Amino acid sequence: MTALTIRAVGAQALLEDGGRRGLAHLGVGRSGAADSASFTLANRLVGNQPDAACVEATLGQLSVTTDETVLVAVTGAPVELSRGGTGCAMNAPFYLRAGETLTMGWPSAGLRTYLAVRGGLRGATVLGSVSWDTMAQLGTPPLSPGDVVEVGDAVAAVPVTDQAPMAPMTNAPIELPLLLGPRDDWFSAEAIAQLSTGTFTVTPDSDRVGARLAGPPLPRTRRGELASEPMLLGALQVPTEGRPTLFLADHPVTGGYPVIGVVPARAVPLAAQARPGQVIRFRPQPASSA
Amino acid sequence: MTAPAVSTGRRPRRRRYGDTGWLLDLDDNDEVHRWTAAIRTAAIPGVLDVVPGLTALLVVLDPGSTSSEAVASALDGIRPAQAGVTSGEHHLIEVRYDGDDLYDVARATGLSVEEVIGAHTATPWRVAFTGFAPGFAYLIGGDPRLVVPRRPEARVRVPAGAVAIAGEFSAVYPRTSPGGWQLLGHTDAVLWDLRADPPARLRPGDVVEFRRAGPA
């Protein structure tokens, strides 16, 4: 059986796939790759099924050795890549030869780098997914040096031969569309204006649950507590005290604070790569125009 | 599916939840379960999940296979049955009332320990929704005298099977986890089992009765 051996991990290295769908009513969130765009691209480059499990390396520094020659691709937060001491390119498939070690440096921008292997990776499948849900503590536990990860057979197509054209990831301020609602009516006109004109900085306590944001106050017009209601990927939840949180892959399935707006699905991957200190600007859109 | 000819209920307010969901505001939790059942029965293409909250529900859709608008118009055509309350499974859970916060709850409520236990076992509870952790069911419908705040500080470790109350809710911790609720006792009932399908024994709409377990 072909397998990778984990030699080193950076801040965190997780197996993530397409996640668990349709279980939120039982208290189980979707989880899965935080930057679903980079994840899908990595699988496409090696000809995998779109939801095949990859390694999601937070802040790079991942190092893996393969026992047999495998086709791999690395996407997401840009890192220096070395394969047996020689540099290689991101966003393009390449072979990692039997016995060779692939090593990632620190990302120059972004947070999460994806390593796909042709055939996908195997882990402990829990409720149909290997994804480690950091909040629910479900799935394949975080990878550590010495772990051996088997390569699977989740192959769908012939690999891509080209490099995928990618907009460069930078640390410049990012702009996110925000569909107002469902609870924008809990907030004052001033709060909505602050969303358009204010800048929000990602704070260091951000994680896969959500990006926590420091920014101008978002005053409410309604007192009292919101009856606990379901939460969704991309939701911008505003607690009474504390920082607004933009929910990412491991967000809670229900919450008791109002959601002022929701980042549309296509823009969530951008939010998932925003690193602490990076500035976010929102482009709020009334719910009716979406 | 045939809709009843007469519908007396007002239409719930439908609120956009980004481009992957719709939130329906409802009057109470019974309405949430009636609408959840009706939407599940309607099997709208592209709908991934119907997630209950206390007085709202979320319809989660897959933007790759449907559109918000298509799901919205399908939702607007749904009329839940008016008759009765949709009823889930009935669970009887035996509890040993030996929790660390039993005396604090008695003090806070002005009841005796016996009265706290009596109040907790007297009324059937209902799973309003889940959250906090996999399989964690928020139970409502308890004796109003049992409304207590959370503990000022959460415990780092609450064991699986701990039976607790906070606010208007009761719950059984399905797995060992941190927790800030007031602990009344514990049960040996297994409420979260990954080998079971579904893994959560208590599901939204289910009815739960607590019974005092005999001496060990």
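This passage describes the sheets, aromatic pairs, pockets, cavities and backbone exceptions of the structure above.

The model is predicted, so local features need pLDDT of at least 70 and side-chain atom pairs count only at pLDDT 80 or more, while totals for chains, interfaces and linings use all residues. Residues are numbered from 1 along each chain as its sequence is written, chains are lettered from A and ligands numbered from 1 in the order in which they are written, and side-chain values use heavy atoms, with hydrogens and water left out.

We may begin with the sheets of chain A. Helices (H or I, at least four residues) and strands (E, at least two) are DSSP runs numbered from the N terminus, and two strands pair if DSSP finds at least two bridges between them. An open sheet of five strands in chain A follows the order β2-β3-β10-β5-β8, with antiparallel pairing. Its edge strands, each pairing on one side only, are β2 (12-16) and β8 (94-96) of chain A. Neighbouring strands of this sheet are turned by 30° against each other on average, direction ignored; here axes are lines fitted to C-alpha atoms, for helices over the stretch in contact, and angles run from 0 to 180 degrees between N-to-C directions. Helix α1(A) packs on the sheet and touches β2, β3 (54-58), β5 and β10 (112-117) of chain A, where contact means heavy atoms within 4.5 Å. The direction of α1(A) makes about 155° with that of β5(A). Within the sheet, strand β5 (residues 70-76) of chain A is joined to β8(A) by three bridges in the antiparallel sense, and A:L71 has A:Y95 as its bridge partner in β8(A).

Chain A also holds a closed barrel of seven strands, β12-β19-β16-β17-β14-β13-β20, with mixed pairing. In the barrel, the average turn between neighbouring strands is 40°, direction ignored. Strands β16 (residues 235-237) and β17 (residues 245-247) of chain A run antiparallel and are joined by two bridges; A:T245 in β17(A) is the bridge partner of A:Q237. Helix α2 (residues 189-197) of chain A lies across β12 (174-180), β13 (200-202), β16, β19 (259-262) and β20 (279-285) of chain A, at about 125° to β20(A).

Over all chains, the structure holds 13 aromatic pairs. Rings of Phe, Tyr and Trp (its six-membered ring) pair if their centres lie within 6.5 Å; planes under 30 degrees apart count as stacked, over 60 as edge-to-face and the rest as tilted. One of these pairs, B:Y138 with B:F169, has ring centres 5.2 Å apart and planes at 80°, so the pair is edge-to-face. Because B:Y138 lies in strand β7 (residues 137-140) of chain B and B:F169 in strand β10 (residues 169-172) of chain B, the pair ties together parts that are 31 residues apart in sequence.

B:Y138 appears again in the largest pocket, where A:S228, A:G256, A:Y257, B:Y138 and B:R150 lie nearest the centre among 33 lining residues. On a 1 Å grid over the protein atoms alone, a pocket is an open set with protein on both sides within 12 Å along at least five of seven lines, a cavity is a set of points where a 1.4 Å probe fits but cannot get out, and lining residues have an atom within 4 Å of a point. The largest pocket holds about 1,100 Å³ of space; grid points are joined across faces, edges and corners, and a volume is the space filled by probe spheres set on the points. Its lining has 18 nonpolar, nine polar and six charged residues, with Ala, Val, Leu, Ile, Met, Phe, Trp, Tyr, Cys and Pro counted as nonpolar, Asp, Glu, Lys and Arg as charged, and the others, Gly among them, as polar. Strands β17 and β18 (254-255) of chain A each supply at least two of the lining residues.

The second largest pocket has a volume of about 790 Å³. Of its 42 lining residues, A:R21, A:R30, A:L233, B:T20 and B:L48 lie nearest the centre. Helix α1(A) gives the most to this lining, with four residues.

Three cavities of 30 Å³ or more are found in the whole structure, and the largest has a volume of about 80 Å³. Among the 14 residues lining the largest cavity, A:G27, A:M135, A:H251, A:P252 and A:V253 are the closest to its centre.

Finally, a cis peptide bond joins A:G181 and A:P182, with omega about 5°, and A:P182 is found in the loop between β12 and α2 of chain A.
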